[in-house]
Amino acid sequence: MRKSLTLHLGLIALLFALQFIAPAYHHGNLARIMVMASFAMGYNIMFGYTGLLSLGHAMFFAVGMYGMGLSATQLGLSIGPAFGVGILSALICSLIVGLLALRTIGVAFMIVTLMFSQTIFLTILYFGGITRGDEGFVIKQSTRQIFGLDLSDATTRYFAALLLFSLVLLGILWLVKSPTGRVLIAIRENEERAKMLGYDVWRHKLAAVVMSGTVSGAAGAAYGVLFGYVGASFSQVPYSIFPLLWVLLGGAGTVIGPFVGTLFMFYLIDLSSTVTDAYMLVVGVILVLLTMFARNGLMGIVRERWAKWLP
Amino acid sequence: MEFGPHLMLAMLEGLVQASVLTLTALGLSLVFGVMRVVNVAHGEFYMLGAVLAWWITSLLGGSALIEFTAALILAPLLVGLLAGLADWLILRRVDYDPERTIVATIGLLYIIQQVTLMTYGPDARPVAPPFNTRLALPWFEFGENGFALYWPWGLSTTSYKLFVILAAILTLIGVWLLMAKTKIGLILRATQLDSETAQAFGIPVERIYALVFGMGAALAALGAVLVVPIQQAHYLMGADPLLLSFIVVIIGGLGSLRGTVVAAILIGMSDGIISVFFTPTLAKMLATLLVAMVLVYRPQGLFGAKPA
């Protein structure tokens, strides 16, 4: 327990220190990576810990983002309450999706989540009058203020991203050590057995979907707040694939894995985009290689070889 | 145009759509039925068929008819070989595990799509139809002189569109004969029913899987070659057929070939008709939601038998 606490608090401390020394370009990247890693960690609750593969997490990200964005621009809420509306929308959305989608299992579950996500994307396009469709809309700098802090300022943005990241990281660390988290892992390992031991499997799965969707929605809302843009592209298929990729690469079912995967992938795409426009090719190749040769991802390998205690 | 002729036109367009969709969805259904895996890269094999058709027709000189016939035979063959190879190199190595196969085929999707973008480029390119005679169609009315036929302006189709429908029907019959009447069909059905027992009886299951995966992709490519003189070849054209094929395969019942054909005609037709009269976004939105609900409440599909 002490080892893992040291590791995760150490990571947060390291990121805190980087704020002061990282060059401006990487400083901006890191803020983005921390928000996206929160998205991936949310995804990991379902995929890594409960064994539910969703192909539609873009919908939670987008619902959080639009819940925040629309309530700020259309209803004129200030950014704090708007952020709350974003999280609440994601919570309601994940509850509905969970209630419906969990009636299916396996391949059907994946396709149902994909379809729901596609429905959300088309809904955003259909109400283009309010959502501005593909084009999206900008959240003005004057609205992105909280407690007298300007969230569009690079330093404040970094700390806000770090705050979200730390909360999610420690929250998930706590979750996987808690009895509920243990039951989720038991469901992943052997659902029938968990059922036989008297656990309410369905209720735990639903809880996992709601937690996962809400965290992803919070990341979406935060992305909109910190980077000032809300757009339909965030609800499209690639944004459902990215968290899967990040989690697989970093190591599914590890607390720190999603961050490692996001960091790696971000810089890999960054590097490859200097060579070619077709950067999604890198995504494809890595996905294939991962499924073939490294099922457990980077942190999974670390756990197997060196650190059995890694949560 | 009046409502009657307009509806007739919409139905004809819908039938062409349905023909292509039937072939594409049949490929997906075949792969799912026999191998029990979902091929997310299916839409990209479709796209590859269209792009290869453009390539073949532009490389070959000669009349449009010869060029197109060459594309019709070569493009599905090449795509089928490529898919078989992908199966042998990738899917076989992940033991056809359903989840890992989905992730691997998502990877394959981006690889095919992006390599096409890098080589073929972002442009949409047309392929000349081998023949394209405009056929005016009659409509009837009950006027003062009783029943009469007339030719309303705009109500027409082309010989090529009729050929697409015919080609789809012939392919369907071909697939049915293959599955029902030949030895290879028998082996495929045996593998579908119980792959372990089939293996015990000396059927080389892995090679059968590669064959089926290749056949599935070839069917998608064939659909794309047929459609490319009507639409154009573009590196992103695989997304819609993939989604529609998913819808068809789900509505028809996962793995049921007969259900797939019925559902493809139903959905292709209604998609064609609805997008003529309503906005396509709303139509797609409702269709997607409806299908998700079918999966949730009737996972065996509308036509599939209830699992025992």
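How much accessible surface does chain B have, and what share of that surface belongs to carbon and sulfur atoms? Select chain B and colour the surface by element: the total is about 14200 Å², with 69% belonging to carbon and sulfur. Keep in mind as you go that this is a predicted model.

**Stop 1: chain B as a whole.** Switch to cartoon view and you will find 11 helices and four strands in chain B. Along the principal axes, the C-alpha atoms fill a box of roughly 75 × 55 × 40 Å. The radius of gyration of chain B is 20 Å, which agrees with the value near 19 Å for a compact globule of 308 residues.

**Stop 2: inside chain B.** Now colour by relative accessible area: 52% of the 308 residues count as buried. If you draw the contacts in chain B with a separation of 6 or more, 75% of them join residues 24 or more positions apart.

**Stop 3: a cavity in chain A.** Rolling a probe the size of a water molecule over the atoms shows where empty space is left. The structure holds two cavities of 30 Å³ or more, and the second largest has about 30 Å³ of space. To see its walls, select A:Met46, A:Ser54, A:Met59, A:Phe60, A:Val97, A:Gly98, A:Ala101, A:Phe109, A:Thr113 and A:Val209. In chain A, α3 (58-73), α4 (79-101) and α5 (106-126) each give two or more residues to this lining.

Which element gives the most to the lining of the second largest cavity? Highlight α4(A), which supplies three residues. Finally, colour the lining by class: seven residues are nonpolar, three are polar and none is charged.

Notes: Residues numbered from 1 in each chain as written. Chains lettered and ligands numbered in written order. Predicted model: local features only at pLDDT ≥ 70, side-chain atom pairs only at ≥ 80, totals over all residues. Heavy atoms only, no water. 1 Å grid on protein atoms, 1.4 Å probe; cavity = no way out; pocket = protein on both sides within 12 Å on 5 of 7 lines; lining within 4 Å. Points joined across faces, edges and corners; volume = space filled by probe spheres on them. Nonpolar A, V, L, I, M, F, W, Y, C, P; charged D, E, K, R; others polar. Rg over C-alpha atoms; globule rule 2.2 N^0.38 Å. Buried < 20%, exposed > 50% of the residue type's maximum accessible area, 1.4 Å probe, protein only. Contact = heavy atoms within 4.5 Å. Areas by Shrake-Rupley, 256 points an atom, 1.4 Å probe, with all protein chains shown as cover.
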